2 protein chains.
Amino acid sequence: MAADRGADGRRPATIKDVAAAAGVGIATVSRVFSGTGSVSPATRERVLAAARGLDYRPSALGRGLKLRSSGGIGLIVPDVTDPFCADLVAGVLACARTFGEHVILDTAHGDPAREAEIVDRLVEQRMDGVIAVPAGERAAWRTAAGIGAGVVFADRVPPGVRDVPAVLADDRAGVRTLTEYLVGLGHRRIAFLGAAPAGPATATAAGAVAEVRERAFRDTLAALGLTADEDLIVAGRHERDSAYAAAAGLLQRRGDVTAVLAAGHLLGEAAVLVARELDLRVPADVSIAMVDDVPWAELCDPPLTTVARPGHDIGYRACEVLLRDRARRTRGGPVLLPAELVVRGSCGPPRGGRSPGRPA
Amino acid sequence: MAADRGADGRRPATIKDVAAAAGVGIATVSRVFSGTGSVSPATRERVLAAARGLDYRPSALGRGLKLRSSGGIGLIVPDVTDPFCADLVAGVLACARTFGEHVILDTAHGDPAREAEIVDRLVEQRMDGVIAVPAGERAAWRTAAGIGAGVVFADRVPPGVRDVPAVLADDRAGVRTLTEYLVGLGHRRIAFLGAAPAGPATATAAGAVAEVRERAFRDTLAALGLTADEDLIVAGRHERDSAYAAAAGLLQRRGDVTAVLAAGHLLGEAAVLVARELDLRVPADVSIAMVDDVPWAELCDPPLTTVARPGHDIGYRACEVLLRDRARRTRGGPVLLPAELVVRGSCGPPRGGRSPGRPA
DNA sequence: AAACATCATGGAAACGTTTCCAGAAAACGC
DNA sequence: GCGTTTTCTGGAAACGTTTCCATGATGTTT
């Protein structure tokens, strides 16, 4: 039959070709490859040999159609280029591999519309599940979650969504730790360089994260009996130019701040750059600490004190939750992973006496 | 028919359900969704309405089976966590999106066996094509390239493979530029911190890249009438510990080097760290330049002079070559993308007179 | 040796599409 | 108005699997 199949033939060999070549039924070939049912060793060997000869690869499409699932998971992140996201992706990949599932990756760049498109596509692909670092609002995910496959959020959750499992870093604790650390060093005029929501919609997942961090900062100060100076709490969009502008504005306006807590690596980067620009020595003139332990934190001079959010673990766990704990998925609240303080050289005791407005 | 289909019904609606609901044949529904053939506006509207009511999403598996392709591409990189790879991935994603194809991503971590496994999986998935930053040797890709879908290499090529299209950075020119730049500043004792192949097999793609860079260094010196000091050409594996050891060995042994050319960002990182450790001022005591313009290069103090390899563009072009130029794919040699010199503050004129062996 | 469980096997019916083919209806030129 | 094209439509046959079911061949128990 079909002489144009297999090996270097035009079209790839199918299970039928293998069956014919081995002189068995297609059901038997299927059993050999899917491992189910029982086949005599002799037959199995014959089938395997035939398959080898024809260079047969079972088609995931055929199988997927029958099984009604593609055996893969979808992963949506804002941006692969961000070191935290990259870590997270690596974590998902590592876990997916242990389950033998493949991963379709796409980036939404914080755009809810784009995110919705991607979800649509994933649904069409009949993925076994979706892991997302969500951009969009609640509504978009309502519908998506309804569709067959499961959804797990990683790193953040659209505000108002409660019935979808999630794996998050303990941001609140992270910022608290950092704040306590700075206060412990003696700082009193600590600036908080936060992230403003990108668009007009304040109901984004990213916005919620920013809010949590800012609130954690305020709460921690309050708990320590200090009152936050509103003028020292500024927000730049999580974007290079905007972050830089915010940091520059802050440090020029208030020469008396002794420490800056940056709520994200782009903001931290801005702080470092601005400090260098203004000839402020770190940590002699200002201490700088930031959320996100990106690689450059260690290469900075001085190396930056940070709070490390476990991107890899978040990705890994999210994938586990999706694939392993399908059953008990909805139980309990989100999984919280600890954020760890990494002390390096960028923070020291405050040097009293920088007069307000000293740098021009 | 099938009351348990569609909307919030158990199983997702199929084309048949839509056809029934709209009172048309399934062929008509198919035509409406695939855009082929012609349907009267009235019928189209009726079908669309029915589909909306049932929340119908065409199954990519069914279509894929029929069309014998999944409409997606596979992407294999060594490690998403590497900034260059991340850029490359972003480039592929950006291009794939314009073609409406999705991307299955996996990481081989430089392990040819793992790479082969991934390729197998991608073949099973009947991907439209594969883009790879290859780890493995020629043999593994021989077979893979034979299988239906096309393969395009990005960033590097397994030695000995000539008949597979590729998109590469012009490494030779990059290293030449950097070398000429250093020589132009007056340096004569320039160390080359290169990458040694990871395993015993020297026939890996990564090994070939390392070789090209080292040769480019030598050739450039020769072209400028200088002779390379073999003692100053060292190699660390592209891995943190090994790179650090190599850099430390070099700078301790030869206090007379005035410039270090690092052939990759991990090697550059090592150079920076070692220089700091040995209290060498950059660029006053040593100039440092490196291949790969990673984000931290700008945040270093002083910011590092680098050669930027266009990761994003490489990914984008590779994807274009795969999807657009299917026809004329094999024509001509690999596509070479220019690498650009980014001058920052880490290189200056040599300071004559550092006595050999000065730092302990 | 009869009755029975077990194993190995093949046929055939899904699974959800696309597409060829042919027929019906509508538009057209005279 | 009648052939003739053109547009629209539905039936049915793939596409490559898995799996239910039936069947014949073993092996096991009395």
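Two strands are said to pair if DSSP finds at least two bridges between them, and the strands and helices named on this tour are DSSP runs numbered from the N terminus, a helix being H or I over at least four residues and a strand being E over at least two. This is a predicted model, in which local features need pLDDT of at least 70 and side-chain atom pairs count only at pLDDT 80 or more, while totals for chains, interfaces and linings use all residues. Residues are numbered from 1 along each chain as its sequence is written, and chains are lettered from A and ligands numbered from 1 in the order in which they are written.

**Stop 1: where the two chains meet**

Select I104(A) and I104(B), which are bridge partners, the latter lying in strand 2 of chain B. Extending the selection to strand 2 (residues 102–107) of chain A and strand 2 of chain B shows two strands that pair in the antiparallel sense over 2 bridges.

Next, select the whole contact, where two residues count as touching if their C-beta atoms, placed from the backbone, lie within 7 Å; 36 residues come from chain B and 36 residues from chain A. On the side of chain B that touches chain A, the elements giving two or more residues are helix 4, helix 5 (83–99), strand 2 (102–107), helix 6 (112–124), helix 11 (265–277) and helix 12 (296–299) of chain B, and strand 2 of chain B gives the most, with 6 residues. Coloured by class, this side of chain B has 19 nonpolar, 9 polar and 8 charged residues, where Ala, Val, Leu, Ile, Met, Phe, Trp, Tyr, Cys and Pro count as nonpolar, Asp, Glu, Lys and Arg as charged, and the others, Gly among them, as polar.

**Stop 2: the rotation axis**

Superpose chain B on chain A by least squares on the C-alpha atoms of residues with pLDDT of at least 70 in both: a rotation of 180 degrees with 0.0 Å of shift along its axis does this, with an RMSD of 0.1 Å. The two copies are thus related as by a two-fold rotation axis. Which residue of chain B comes closest to the rotation axis? I104(B) does, with its C-alpha at 2.1 Å. The same surface serves both copies, since 100% of the contact residues of chain B recur in chain A.

**Stop 3: the sheet that spans both chains**

Now display the open sheet of 12 strands, whose order is 11(A)-5(A)-4(A)-3(A)-1(A)-2(A)-2(B)-1(B)-3(B)-4(B)-5(B)-11(B), with mixed pairing. Strand 11 (335–337) of chain A and strand 11 (335–337) of chain B stand at the edges, each with a single partner strand, so one side of each is left without a neighbour in the sheet. Neighbouring strands of this sheet are turned by 20 degrees against each other on average, direction ignored.

Within chain A, strand 1 (residues 72–77) and strand 3 (residues 129–132) run parallel and are joined by 4 bridges, and I73(A) stands opposite G129(A) in strand 3 of chain A. Add helix 5 of chain B, which lies across strand 2 of chain A together with strand 1 (72–77), strand 2, strand 3 (129–132) and strand 4 (150–154) of chain B, and runs at about 175 degrees to strand 1 of chain B; axes here are lines fitted to C-alpha atoms, for helices over the stretch in contact, and angles run from 0 to 180 degrees between N-to-C directions.

**Stop 4: the second sheet of chain A**

Hide chain B and select the open sheet of 6 strands in chain A, ordered 7-6-8-9-10-12 with mixed pairing. Its edge strands are strand 7 (233–237) and strand 12 (340–342) of chain A, each of which pairs on one side only. Strand 10 (residues 305–308) and strand 12 of chain A run antiparallel and are joined by 3 bridges, with L341(A) in strand 12 as the bridge partner of V307(A).

**Stop 5: the DNA strands**

Finally, bring back chain B and select the 31 residues that surround DNA strand C, the closest being G25(A), S38(A), I15(B), S30(B) and G62(B); a residue is near a strand if its C-beta atom, placed from the backbone, lies within 6 Å of it. Helix 2 of chain B gives the most to this surface, with 6 residues. Around DNA strand D there are 31 residues, of which I15(A), S30(A), G62(A), G25(B) and S38(B) come nearest, and the largest share of that surface, 6 residues, comes from helix 2 of chain A.
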